[in-house]
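Hi,

Here is the structure I said I would pass on. Have a look at it first, and my notes follow underneath.

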Amino acid sequence: MRLALLPALLILALTGIARAEAVLFPAPSGRAAGELVVYSSLDDDLARPLIRAFQDRRPDLAVRYENLLTGALHDRIVAETQTGGGTADFAFSSAMDLQVKLANDGFARPVVTPDTPDWPDWANWRDTAYALTFEPAVFAYHKPSFRDHPPPSTRAELLRWLAEHPAEARGRIGTYDPARSGVGYLFLARDQELYPRIWDIVREMGRSGVRQYPTTAEILTRIADGRLAVGYNLLGSYAADWARQHPEEVGVILPRDFTVVVSRVALVPRAARAPERGAEFLAFLMSPDGQALLSRTLRLSAVSLEVAGQAQPAGGMAGLEGVRLKPVPVSPGLLAYLDQATRARLLARWNAALSAK
């Protein structure tokens with residue numbers, strides 16, 4: 001038994017070294033009836049209004065909030081469950097695949113909230129893992145570079161722009177490096193599933209000297225100053241913020257052929273020390289008030305269709321009328337993206353297409 005616990009204890013020790021210091025939110029009432037423990041990949045400053053709004057409803061609860069890298073979050077829940085000491089009451093992560101893996105491997109418990117019956121099927125896996133936000137992959141573009149003609153708004157139009165404006169496109173299209181960006185890899189995998197001509201686009205981008213970056217900010221910085229004309233498959237929430245800050249330079253388009261959507265996923269761990277508090281926090285975030293807070297305050301668009309209709313979907317971008325949304329479903333299908341052989345094959349095909357003559 002002791003030998004069986006050694007791997008879990010080792011993981012726990014390693015992730016404990018890497019974990020961020022907890023942020024404590026005392027009970028507003030001054031008389032705490034208990035503590036809610038949250039593990040999340042959402043930055044402290046973004047999480048603060050969520051915690052405060054929840055405590056307005058439950059002033060008798062203190063909250064301990066730990067901001068973790070997505071991999072560390074997954075590993076800590078696994079290790080703490082296996083050692084039997086209990087773990088967080090609520091987990092919220094942008095790593096859809098790792099959250100689904102926790103649920104699929106039995107590390108999450110079923111929770112039914114008042115809003116569960118109306119939750120979209122793609123955003124709920126067996127009541128154990130719920131997508132709570134709505135983040136589209138968009139085209140971003142340098143507005144001054146498209147004064148004389150419209151920017152591409154579909155993948156077919158992007159292919160045409162690359163072919164018809166070679167001088168304008170040369171070295172001025174940017175996208176994620178799927179080998180270094182998890183979300184870039186996920187977007188590429190979904191493109192391959194949904195769009196038969198994706199490899200034609202990749203080959204043309206390669207001929208045009210595409211620039212690859214690990215982060216959204218690096219791409220948007222270069223679009224804002226004109227070094228790049230187009231950014232392909234960027235996280236819409238970040239692109240929309242840049243467009244608000246640089247309205248004369250940066251434009252954002254939801255692709256009209258189809259728009260891939262990723263989400264941040266929440267669950268209540270099976271070994272939660274206070275699962276009823278985790279379930280209560282989940283119910284708050286799924287409620288109209290919680291979804292409105294995610295959508296408007298944090299600019300992370302809500303999954304709730306009721307709220308999305310009231311707020312500005314896609315992180316404050318234009319409405320979604322006429323856009324074919326293709327959300328990444330919260331399902332065991334995500335586990336395929338964690339398979340190393342599958343990943344190696346997709347990256348090899350990406351590199352081969354980029355280098356094709």
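**Cavities, pocket and a few local details**

Two cavities of 30 Å³ or more turn up in the structure. Keep in mind that this is a predicted model.

Let me start with the largest cavity, which has a volume of about 110 Å³. Its lining is made of 13 residues, and those nearest the centre are T175, G184, L188, N233 and W350. β8 (173-176), α7, α8 (198-207) and β10 (230-235) each put at least two residues into that lining, and α7 has the largest share, with four residues. Sorted by class, the lining of this cavity comes to nine nonpolar, three polar and one charged.

The second largest cavity holds about 40 Å³ of space. Around the second largest cavity you will find V38, S40, A47, L50, I51, Y65, F90, F92 and F281. At least two lining residues come from each of β2 (34-40), α2 (44-57) and β4 (90-93), with α2 giving the most, three residues. Here the class split is eight nonpolar, one polar and no charged residues.

Now the open space. The largest pocket contains about 1,200 Å³. Which residues lie nearest the centre of the largest pocket? They are S94, V183, L235, Y238 and R264, out of 42 residues in the lining. The elements that contribute two or more residues to the lining of the largest pocket are α4 (96-104), α7 (182-194), α9 (216-224), α10 (236-245) and α15 (340-355). That puts α7 in the lining of the largest pocket as well as in that of the largest cavity. By class, the pocket lining divides into 22 nonpolar, 12 polar and eight charged residues.

S94 deserves a closer look, being one of the residues nearest the pocket centre. S94 sits in the loop between β4 and α4. Is S94 exposed, partly exposed or buried? Its relative accessibility is 38%, so S94 counts as partly exposed. Leaving aside residues up to four places away in sequence, S94 touches S41, T70, S263 and R264. R264 is also among the residues nearest the centre of the largest pocket. For another distance to check in your viewer, S94 and T133 are 39 residues apart in sequence, with their C-alpha atoms 9.4 Å apart in space.

Two helices are worth a check as well. Helix α3 covers residues 70-83, and its 14 residues reach 20 Å from first C-alpha to last, close to the 20 Å expected at 1.5 Å a residue. The buried residues of α3 are A72, L73, H74, R76, I77, V78, A79, E80 and T81. After α3 comes G84, with a positive phi near 80 degrees.

Helix α11 runs over residues 275-286, which is 12 residues. At 1.5 Å a residue α11 should span 16 Å, and its end C-alpha atoms are 16 Å apart, so the two agree. P275, R277, G278, F281, L282, F284, L285 and M286 are the buried residues of α11. Among them is F281, which you have already met in the lining of the second largest cavity.

On the backbone side, there is one loop I would flag. Most residues other than glycine have a negative phi. R126, which is not a glycine, has a positive phi of about 55 degrees, and D127, not a glycine either, has a positive phi of about 60 degrees. R126 lies in the loop between β5 (124-125) and β6 (129-131), and D127 is placed in the loop between β5 and β6 too. What sets their exposure class is relative accessibility: R126 is at 64% and so counts as exposed, whereas D127, at 23%, counts as partly exposed.

Finally, some overall figures for your files. The secondary structure comes to 15 helices and 14 strands. The protein has 357 residues, and 55% of them count as buried. Of the contacts between residues at least 6 apart in sequence, 79% join residues at least 24 apart. The accessible surface is about 15,400 Å², with 53% of it belonging to carbon and sulfur atoms.

Cheers

Key
Residues numbered from 1 in each chain as written. Predicted model: local features only at pLDDT ≥ 70, side-chain atom pairs only at ≥ 80, totals over all residues. Heavy atoms only, no water. Expected span 1.5 Å × (residues − 1). Buried < 20%, exposed > 50% of the residue type's maximum accessible area, 1.4 Å probe, protein only. 1 Å grid on protein atoms, 1.4 Å probe; cavity = no way out; pocket = protein on both sides within 12 Å on 5 of 7 lines; lining within 4 Å. Points joined across faces, edges and corners; volume = space filled by probe spheres on them. Nonpolar A, V, L, I, M, F, W, Y, C, P; charged D, E, K, R; others polar. Contact = heavy atoms within 4.5 Å. Areas by Shrake-Rupley, 256 points an atom, 1.4 Å probe, with all protein chains shown as cover.
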